[in-house]
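The following note is offered to accompany the entry shown below. Please read each point with the sequence and the three-dimensional view side by side.

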Amino acid sequence: MDCRDTVHLICWYLEGKLSPSVEREIERHLNQCRDCRLVLEAATKTLDQHFGTGRAAHTA
Ligand SMILES: [Zn+2]
């Protein structure tokens, strides 16, 4: 699992669509890689904005 793979899979990871073994690989990479942790944080915020409460999306 390198940075490209991790960034590519982060959306699915956040949605819980990956198999547990792949999730473990991503988590292991995130533990070692600050860049990908930043990407994960940004993606989490974006997902929260779109799907977090479900209310903001309706007004958009
Ligand atoms: Zn990385």
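1. Threonine 6 lies in helix α1, which covers residues 3-15. This is a predicted model, and every value in this note is to be read accordingly. Threonine 6 has a relative accessibility of 0% and therefore counts as buried, the cut-off being under 20%. When neighbours within four places in sequence are set aside, its contacts are Met1, Ile26, His29, Leu30 and Cys36.

2. Two of these contacts, His29 and Cys36, also appear among the protein donors of the zinc ion. The donor atoms are SG of Cys3, NE2 of His29, SG of Cys33 and SG of Cys36, at 2.0 to 2.3 Å from the zinc ion. Along the chain, the donors are spaced as C-x25-H-x3-C-x2-C.

3. What is the arrangement of the 4 donor atoms around the zinc ion? The angles that they subtend run from 103 to 114°, so the arrangement is tetrahedral. The criterion applied here is that all angles lie between 85 and 135 degrees. For comparison, the ideal angle for four tetrahedral donors is 109.5 degrees.

4. Are histidine 29 and cysteine 36 buried or exposed? Histidine 29 counts as buried because its relative accessibility is 10%. Cysteine 36, at 2%, likewise counts as buried.

5. The protein chain contains 4 helices and 0 strands, giving the pattern α-α-α-α when read along the sequence. Residues that are 24 or more positions apart make up 49% of the contacts with a separation of 6 or more.

6. The largest nonpolar core consists of 10 residues: Leu9, Ile10, Tyr13, Leu18, Ile26, Leu30, Cys33, Cys36, Leu40 and Ala43. At least two residues of this core come from each of α1, α2 (20-32) and α3 (34-52). The zinc donors Cys33 and Cys36 are among the core members.

7. Of the 60 residues in the protein chain, 20% count as buried. The chain exposes about 4800 Å², and carbon and sulfur atoms supply 52% of that area.

8. The whole structure holds 1 salt bridge. In a salt bridge, the side chains of lysine 17 and glutamate 15 meet at 2.8 Å, N to O. Lysine 17 has 56% relative accessibility and so counts as exposed, whereas glutamate 15, at 40%, counts as partly exposed.

How values were computed:
Residues numbered from 1 in each chain as written. Predicted model: local features only at pLDDT ≥ 70, side-chain atom pairs only at ≥ 80, totals over all residues. Heavy atoms only, no water. Donors = N, O, S within 2.8 Å, 3.2 Å for Na, K, Ca; no water. Tetrahedral: all angles 85-135°; square planar, octahedral: opposite > 155°, others 65-115°. Buried < 20%, exposed > 50% of the residue type's maximum accessible area, 1.4 Å probe, protein only. Contact = heavy atoms within 4.5 Å. Areas by Shrake-Rupley, 256 points an atom, 1.4 Å probe, with all protein chains shown as cover. Core = buried A, V, L, I, M, F, W, Y, C linked by side-chain atoms within 4.5 Å. Salt bridge = Lys/Arg side-chain N within 4 Å of Asp/Glu carboxyl O.
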